[in-house]
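Trainee: Could you take me through the ligand site of this model, and then through the parts of the protein that come together around it?

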Amino acid sequence: MKQYDVVVIGGGSAGLAAALEIKKQGIDHVLILERDAELGGILLQCIHNGFGLKVFKEELTGPEYAERFVQELLEMGIEYKLNSMVTKLNPDKTIEYANVNEGFVKISARAVVLAMGCYERNSGSISIPGNRPSGVLTAGSAQKYLNIDGYLVGKRVFILGSGDIGLIMARRMTLEGAKVLGVAEVLPFSGGLKRNIVQCLDDYDIPLYLSHTVTDIIGESKVEKIVISQVDNFVPIPGTEKTFEIDTLLLSVGLVPENSLSERCGIILDKKTKGPVVNESYQTNIEGIFACGNVLHVHDLVDFVTEESRKAGRSVVRYLNHELNATNNMINVLPKNGVSYLLPQEINLSNLVTPMDIFMRVNKEFKNAEIVISNGDTVIKRIKKKHLAPAEMEKFILKDVDLTGDMIDINVAIEVQS
Amino acid sequence: MYDVIIIGSGISGATIARELSRFQLKTIILEKEYDVAMEATMANSAIVHSGHDPIPGTLKAKFNILGNRMYKQMSEELDIPYMACGGMVTAINEDQVHLIEELYERALINGLRSDEVKIIDQETVRSLEPNIADGVIKALHLPTTAVTFPWEAAIANIENAMDNGVELALENKVIKIEKLDRFVVTTDKSVYEAKVVINATGVYGTDVAKLVTNPHFEIRPRRGEYYVLDKDVRLVNSVIYPAPSEKGKGVIVTPQYHGNTLLGPTSEYVAFSEISKTTASGLEYIKENVAQTVQNIPYHKIVRSFAGGRATSSTEDFVIEESEVKGFINVCGIESPGLTAAPAFAKYVVEELVSVHFEMKPNTDYNPRRRKVLRTNELTFDELNNSFHDNQKYGRIICRCEKITEGEIVDAINRNCGARSVVGVKNRVRAGAGRCQGGFCQSEVINILARELKVDKLDIVYNKAGSNILKETTKGEQK
Ligand SMILES: Cc1cc2nc3c(=O)[nH]c(=O)nc-3n(C[C@H](O)[C@H](O)[C@H](O)COP(=O)(O)OP(=O)(O)OC[C@H]3O[C@@H](n4cnc5c(N)ncnc54)[C@H](O)[C@@H]3O)c2cc1C
Ligand SMILES: Cc1cc2nc3c(=O)[nH]c(=O)nc-3n(C[C@H](O)[C@H](O)[C@H](O)COP(=O)(O)OP(=O)(O)OC[C@H]3O[C@@H](n4cnc5c(N)ncnc54)[C@H](O)[C@@H]3O)c2cc1C
């Protein structure tokens, strides 16, 4: 059985950044296993720009952003295998993968980085009433058909869900000559970034129906019509129905971290993020298995993925150099009022490298609010925010000075200023 | 000129076709859809019922028990998944205890042996089913209840029938039947002639029968809706029925062969156009009712919902008989337990009804076995590499949720009764049936279909004629 220092599962932006960081810190035997025919992950189908403002201080397209990392990877001589799907991960860090050249292969690693990204929630998981015709597909699949394969899936389009991919596809399909009739969002606020609402909907006069959902799908072989209704707290209000004649319904109803490998390996997942529970070193409950990027929690900006993955990479190196203490003296990072999740979920103070980024999402919209961070009952700091929304990931930093005294648990809550 | 035309390729038509292929008869199946088994056989609970429940003396009772006893062997011969998981009918109050005691008696009258049915107490129920609802106080235990994989059962029967000489004509909707000295059967595509015609058209049974006879029964579609839970949810070990009511067998919790769990069905008469529609109210009904029998249901793990139509007959029983027009045989009103009963009534149809019209010489080349399907996710590591060494395509995983290789997909396309559509592939090898529902692999499945069938990608359909997924190539792209 072949032995590696580190095996990275997934060659998207997370896997690439982690592998590069690990190699740069002097670890030699690093392998990236990527299921697709190319490195880059989801970035390859995001041909719009808006990537890299933080990391490169310029606006790149997805493929351009990926290319910079792939180039560096080649220069550094990091080993990678394409068309190679990992089928099994074991707690002893042995890994099984398959490809057409080698067949089914078992290897072992001293450390593993999970970087499998996520998958899109689909019509199955949201149980829309009605028929099951063709022409109902996720926005990401339509994006792949269009940007990678060169095929348009339809000409009269409606979009359910205001996630970023849906918004981007509204513009993209319009530019390709399709008519996008509207976007319905069940919540009273958008699930996508503000800039995408403006640049992808408003600029093209595509209406956004907030507090609306699809209540019927009509069509025998191909979708012909949909009915949308206004909702009151998720319940459709009779009499508010609107009908649209369409040939395509795109779904942009959220992403789910792809953790079937992790779950079967016994890695504990967070109910909210649907990604692994990790500590300050991005290590999961299984020693030597780390996670970063969309497999950990859904990111809306690739720059954050890169930063997070570099940090995870540095932790891997510390782990391999026996610089990480075993998990004692853990404090919890707990979401309180208004906070949906926090990441990492646990901190081992003896391993903490400051300044430490804490990522979070709120569970509803707030205006003129404060993020209040406390140690038990003692407030450590307050951060003023004009606007907080579930669609926009927030980040705050913990410094040494924040962590003096006896640490109990770190509680994070949102307080609205009166 | 054929000896026998079978109209309909659900489990009824499929098992009858295989049964006919034992004899030297020239047989063809006419099916209106793009693929076989797209109606009731596609949307049901997949239960091989024990036979405890039909009213004694009915055809349902007779063929249910016989069918149950034939299923295992049929599944072995045709390599159809079969899970001998058992079942139980639960009771939550004294009235229901009374009902299951009556069912116990009925089961014995129907022919279950005394070791095939038993009343068990709360403690035993709990030990068998940790997630049983707290309110369940007793149950009727049915060890011979099993679970099949319904459309694969139909596909396998048809494939085997075709291996033994039967023909299949898809996208041929029967619209006219004339009785001369033979039958002249007109479809929307072509004309076929035969001495005997078998009407196995599910919910359309009366409509097709009316083309040439004056049926004494009326078939009305009765819809059943379902939720499907992800396969990592291990909710129940066996089939959990509520105590029966006037609405039939009620909302059942059924473990599936591949690990998913089904919650359903509902029961509601609907218009033909509404059969496969799911509704918000139906799905709510399931949630309410299922709570009586099973608890701890993770509703956030739903991967799909669907609906199917039972062919409910005004006679309240199966209609399996030669009509007043000689040679025109009805296999109608095949609602539950039709899936279970099919291998038994197929034998009856051929040996008792068709046989009077022909000499019935055995087909000496008849092979009861279907070539085994290589299912890579059931193989050990070494077996995987053996299959890979025979064919590299077994090393290329296409569907990442279900771990289905290109080799399996290509095989499913190139067999008799092979896949021609995206759903056809999914129904045969489960590529796209997992939690991402084809989000990642659908485009690759389209590529493979187009290559193997030697057609353009734009011509690949989702499930039906006209359900093409790709609309056009974009500017500047070459086909
Ligand atoms: C459609 C879309 C649009 C976006 N738009 C923007 C934007 O405009 N601006 C911005 O900054 N950010 C955007 N983002 C966010 C950002 O691009 C992503 O968060 C980031 O690229 C995710 O990187 P990742 O490496 O975690 O995941 P991915 O890029 O998904 O990479 C995961 C990789 O793992 C591989 N993999 C999975 N399972 C296995 C396995 N078992 N074996 C081997 N390989 C496996 C996959 O093939 C894939 O290549 C967008 C995201 C999406 C999904
Ligand atoms: C909700 C539900 C749950 C069920 N659960 C169970 C269960 O757990 N166990 C069990 O044993 N049974 C169960 N059943 C019953 C079982 O599914 C059916 O009895 C069985 O599938 C019927 O098969 P069939 O071949 O008669 O009909 P179908 O599968 O409906 O096949 C009829 C075929 O005829 C074709 N056809 C119709 N008209 C024409 C035409 N004019 N020309 C050409 N072709 C035509 C149709 O396209 C179709 O392919 C259930 C049924 C339902 C609906």
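**The site of ligand 1**

Mentor: Ligand 1 lies between chains A and B, and you should keep in mind from the start that this is a predicted model. There are 34 residues around ligand 1, and those that come nearest are A:Ala14, A:Glu34, A:His48, A:Asn294 and A:Val302. Sorted by class, the shell consists of 16 nonpolar, 13 polar and five charged residues.

Some of the contacts with ligand 1 are made by the backbone of chain A. A backbone N or O atom of A:Ile42 lies 2.8 Å from an oxygen atom of the ligand, and a backbone N or O atom of A:Ala115 lies 3.4 Å from an oxygen atom of ligand 1. A nitrogen atom of the ligand, for its part, is 3.4 Å from a polar backbone atom of A:Gly50. Taken alone, ligand 1 exposes 1,000 Å², and the protein buries 96% of that area. Two or more residues of the shell are given by each of these elements of chain A: the helices α1 (13–24) and α8 (302–320), and the strands β3 (49–51) and β6 (85–89). In terms of domains, at least three residues of the shell are drawn from domain 1 of chain A (1–120 + 254–324), and at least three from domain 2 of chain A (122–253).

From the ligand we can turn to the contact between the two chains, to which chain B gives 50 residues and chain A gives 51 residues. The size of an interface is often given as the accessible area lost when the parts come together. Between chain B and chain A, the buried area is about 4,400 Å², with carbon and sulfur atoms giving 51% of it. On the chain B side, the residues that lose the most area to chain A are B:Phe381, B:Arg400 and B:Arg435, which together account for 16% of what that side buries.

Chain B itself is divided into domain 1 (84–145 + 220–311) and domain 2 (376–459), and the C-alpha centres of these two domains of chain B lie 32 Å apart. Where the two domains of chain B meet, eight residues of domain 1 are in contact with seven residues of domain 2, and the area buried between them is about 600 Å², of which 36% comes from carbon and sulfur atoms. Within domain 1 of chain B, the residues losing the most area to domain 2 of that chain are B:Lys231, B:His258 and B:Val303, together 52% of what that side buries.

Definitions and conventions. Residues are numbered from 1 along each chain as its sequence is written. Chains are lettered from A and ligands numbered from 1 in the order in which they are written. This is a predicted model: local features need pLDDT of at least 70, side-chain atom pairs count only at pLDDT 80 or more; totals for chains, interfaces and linings use all residues. Side-chain values use heavy atoms; hydrogens and water are left out. A residue is near a molecule or strand if one of its heavy atoms lies within 4 Å of it. A polar contact is a pair of N or O atoms within 3.5 Å; within protein, one must be able to donate a hydrogen and the other to accept it, and residues adjacent in sequence count only if both atoms are side-chain atoms. Accessible areas come from the Shrake-Rupley method with a 1.4 Å probe; for residues, only the protein chains shown count as cover. Helices (H or I, at least four residues) and strands (E, at least two) are DSSP runs, numbered from the N terminus. Ala, Val, Leu, Ile, Met, Phe, Trp, Tyr, Cys and Pro count as nonpolar, Asp, Glu, Lys and Arg as charged, and the others, Gly among them, as polar. Domain bounds come from an automatic or database domain assignment. Contact means heavy atoms within 4.5 Å. Buried area is the accessible area (1.4 Å probe) that two parts lose on being put together, summed over both.
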